[in-house]
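These are my notes on the model, set out as numbered points. Please read them with the sequence and the coordinates open.

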Amino acid sequence: MTRALPFAATAAAAIVLSGCALLSTPDPVQLYRFGSVPAEAAPGAPSARTTSVAMRRITFPDATRAQRILGVTGSEAAYIGGARWVSDADTLFTDNLQNAFAERSRSTRIIGRQELTPADVSLDLDVRSFEARYEYEGAAPTVVIAARGRILGFPDRQVIAERNFSVSQPAGENRVSAIVQAFDVASRDINTQIIDWTDQVAASRPPAPPAD
């Protein structure tokens, strides 16, 4: 009996400690989103001919395609603490670009994955940079988004046009809300560039020959 008491006390202490571990709460994380279409945006005048565009999956760097927000200072990189995107960055970027096409494009229409409409061309986008860059620690960063776009014939996938896009948007201050706002402005800016370029390429293509 006397030898069993220490074991019982130790077991009870272990239960108490494990209970404390289970009840401990993680540091709070605030969720953010970017790239919403402005309320005042209006669709452009439709052209006489609409090009159907199949948008392939947009690729992102491994370090930025998920929910964490990347900050870069020189050769060092770290994720901004206490903040996450509301969903994976590549998903948010894709959804916002598709919505922006619907709002802004005058001569192209993005085909949904479940649609059976044949595509005239496909749009490939490779996002190379999606990060907040600091000149030095503690400075207000600049959000940089860079992407490479290609428009290919469908279904032969011959390159019709290609272009590099880049946007740099300074944050007003070194606070998460200001950095997120810079991401929002930069993503809308690069969306506009991509859509206008796609419209321009689509408008310059000769009409498809009539089906027999």
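1. Glu 173 sits in the loop that connects strand 8 and helix 3; note that the model is a predicted one. With a relative accessible area of 38%, Glu 173 is partly exposed. Beyond its neighbours within four places in sequence, Glu 173 is in contact with Ala 140, Pro 141, Ala 178 and Ile 179. Its C-alpha atom lies 9.5 Å from that of Gly 138, although Glu 173 and Gly 138 are 35 residues apart in sequence.

2. Gln 169 belongs to strand 8. Its relative accessible area of 24% makes Gln 169 partly exposed, since the buried class is reserved for values under 20%. Outside the four places on either side in sequence, the contacts of Gln 169 are Thr 142, Val 143, Ala 182, Val 185 and Ala 186. Between the C-alpha atoms of Gln 169 and Ala 132 the separation is 9.2 Å, with their positions 37 residues apart along the chain.

3. The largest nonpolar core contains 41 residues, and Trp 85, Phe 93, Leu 123, Phe 130 and Phe 183 have the most contacts inside it. At least two residues of this core come from each of strand 2 (51-55), strand 4 (76-85), helix 2, strand 6 (121-134), strand 7 (142-153), strand 8 (159-170) and helix 3 (176-204). Helix 3 gives the largest share, ten residues. As a general matter, nonpolar side chains in soluble globular proteins tend to be buried together.

4. What does Leu 123 touch, not counting residues up to four places away in sequence? The list is Val 53, Ala 54, Met 55, Arg 56, Phe 101, Arg 150, Ile 151, Ile 194, Trp 197 and Thr 198.

5. Helix 2 covers residues 89-104, and its 16 residues should span 22 Å at 1.5 Å a residue. The C-alpha atoms at its ends are 22 Å apart, so the expected and modelled values agree. The buried residues in helix 2 are Ala 89, Asp 90, Leu 92, Phe 93, Thr 94, Asn 96, Leu 97, Ala 100 and Phe 101. For reading such a list, an α-helix has 3.6 residues a turn, so residues three or four places apart point the same way.

6. Thr 108 is part of strand 5, residues 108-110. Thr 108 counts as buried because its relative accessibility is 7%, and the limit for that class is under 20%. Its side chain makes polar contacts with two other side chains: that of Ser 105 at 2.5 Å and that of Asp 199 at 2.9 Å. Setting aside neighbours within four places in sequence, Thr 108 is in contact with Thr 50, Thr 51, Val 53, Phe 101, Thr 198, Asp 199 and Ala 202.

7. Strand 4 pairs with strand 1 and with strand 3. Strand 1 (residues 30-32) and strand 4 are parallel, with three bridges, and Leu 31 is opposite Arg 84. Strand 3 (residues 68-73) runs antiparallel to strand 4, and five bridges join them; here Val 72 is opposite Ala 77. Two residues lie between strand 3 and strand 4 in their hairpin, where Gly 74 has a positive phi near 60°.

8. How many salt bridges does the structure hold? There are ten salt bridges. One of them joins Asp 62 to Arg 65, with the closest N and O atoms 3.3 Å apart; Asp 62 is exposed at 61% relative accessibility, while Arg 65 is partly exposed at 41%.

9. Glu 131 and Arg 133 form another salt bridge, the closest N and O atoms being 2.8 Å apart. Glu 131 counts as buried at 12% relative accessibility, whereas Arg 133 counts as partly exposed at 37%.

10. The salt bridge between Glu 162 and Arg 148 has its closest N and O atoms 2.7 Å apart. Glu 162 is in strand 8 and Arg 148 in strand 7, so the pair ties together parts 14 residues apart in sequence. Glu 162 is partly exposed at 46% relative accessibility, and Arg 148 is partly exposed at 27%.

11. Finally, a network of salt bridges links Arg 56, Asp 124, Arg 150 and Arg 157. Arg 56 and Arg 150 are also among the residues that Leu 123 touches.

How values were computed
Residues numbered from 1 in each chain as written. Predicted model: local features only at pLDDT ≥ 70, side-chain atom pairs only at ≥ 80, totals over all residues. Heavy atoms only, no water. Helix = DSSP H or I, 4+ residues; strand = E, 2+ residues; numbered from the N terminus. Buried < 20%, exposed > 50% of the residue type's maximum accessible area, 1.4 Å probe, protein only. Polar contact = N/O pair within 3.5 Å; in protein donor to acceptor, adjacent residues only side chain to side chain. Contact = heavy atoms within 4.5 Å. Expected span 1.5 Å × (residues − 1). Core = buried A, V, L, I, M, F, W, Y, C linked by side-chain atoms within 4.5 Å. Pairing = 2+ DSSP bridges. Salt bridge = Lys/Arg side-chain N within 4 Å of Asp/Glu carboxyl O.
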